[in-house]
Amino acid sequence: GGMQALFNFADDVLGKYDADPVARYLLENRQIYICPVANPDGYWYNQRIYDSTATFGLWRKNLRDNNGNGATDNGDGVDINRNYGYKWGFNSTGSSGTASSAVYRGPSAWSEPETRVQRDAFSALHAVAGFSFHTYSDLFVHPWGWTTAGTPDSARRQTWSDEFTITNGFVGGPGPRILYDVNGEFSDWTYGDTLLKAKAFTWTPEVGGSSDGFWPPPSRMAAINETVLRPCW
């Protein structure tokens, strides 16, 4: 769902350049970078599961061979969204130190090539805002994920989240309050780490409702895409 929403945004803003002043403004006044898939290993593995079993895979991690046996099994993989350097391994509620866990954080912060590439690209581009699309739950999640305490500018952040969700019905707020605790997460890093880069404001849209699940049918994609395309414009 998240990947398709990004492609839909690109198609929308490029296709409406001539007729839509908002699309024209974005393209002429902003630098927009899109990474459709941040975990290509996991995406490919789920595709392989479907091709061989005709059932949808639920593999969320990458394919790090944790046990060194040369095969992919339940003891393998690192949850990319638990491997970022800010508050990595803060506790075992928001991530796990057990390799077989679906939220295994990896042997160290930035241990995975996927997170290192995003770290370096985000820092080099001097990004100031962004989204990390996930699936599913119709949520709009912002920091902090590692603690229930608010960020120093939590009122402003919540106002922006409320504006985004005003028409699409998503629930906006910090992860521990609307979903669950998480540490070593992307948006916490973009906001909390000011050594590698400047503070940035990013959100995690959880796209798709409870009936859509992780693999919504093609018939639902257009409607799901619309929920996050221009919810506050």
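Which residues touch the most other members of the largest nonpolar core? In this predicted model, the answer is Y84, Y86, F122, W144, W189 and V228, out of 20 residues in that core. Let's look at who builds the core, then zoom in on W144 and on a buried threonine, T202.

**The largest core and its suppliers**
- Three elements each chip in at least two residues: helix α7 (186–192), strand β4 (201–206) and helix α8 (218–229).
- Helix α7 is the top giver here, with three residues.
- Apart from this core there's another one, made of five residues, and F9, V13, A23 and L26 are among them.

**A look at W144**
- W144 is one of the residues that touch the most other members of the largest core.
- Leaving out residues up to four places away in sequence, W144 touches Y86, A149, G150, T151, P174, G175, P176, D188, Y191 and G192.

**A look at T202**
- You'll find T202 in strand β4, which is also one of the suppliers of the largest core.
- Is T202 buried or exposed? T202 counts as buried because its relative accessible area is 0%, and buried means under 20%.
- The side chain of T202 makes a polar contact of 2.8 Å with the side chain of S187.
- The T202 side chain also has a polar contact of 2.6 Å with the side chain of T190.
- If you skip residues up to four places away in sequence, T202 touches F122, A129, G130, P143, R157, F186, S187 and T190.
- One of those neighbours, F122, is also on the list of residues that touch the most other members of the largest core.

Definitions and conventions:
Residues numbered from 1 in each chain as written. Predicted model: local features only at pLDDT ≥ 70, side-chain atom pairs only at ≥ 80, totals over all residues. Heavy atoms only, no water. Core = buried A, V, L, I, M, F, W, Y, C linked by side-chain atoms within 4.5 Å. Buried < 20%, exposed > 50% of the residue type's maximum accessible area, 1.4 Å probe, protein only. Helix = DSSP H or I, 4+ residues; strand = E, 2+ residues; numbered from the N terminus. Contact = heavy atoms within 4.5 Å. Polar contact = N/O pair within 3.5 Å; in protein donor to acceptor, adjacent residues only side chain to side chain.
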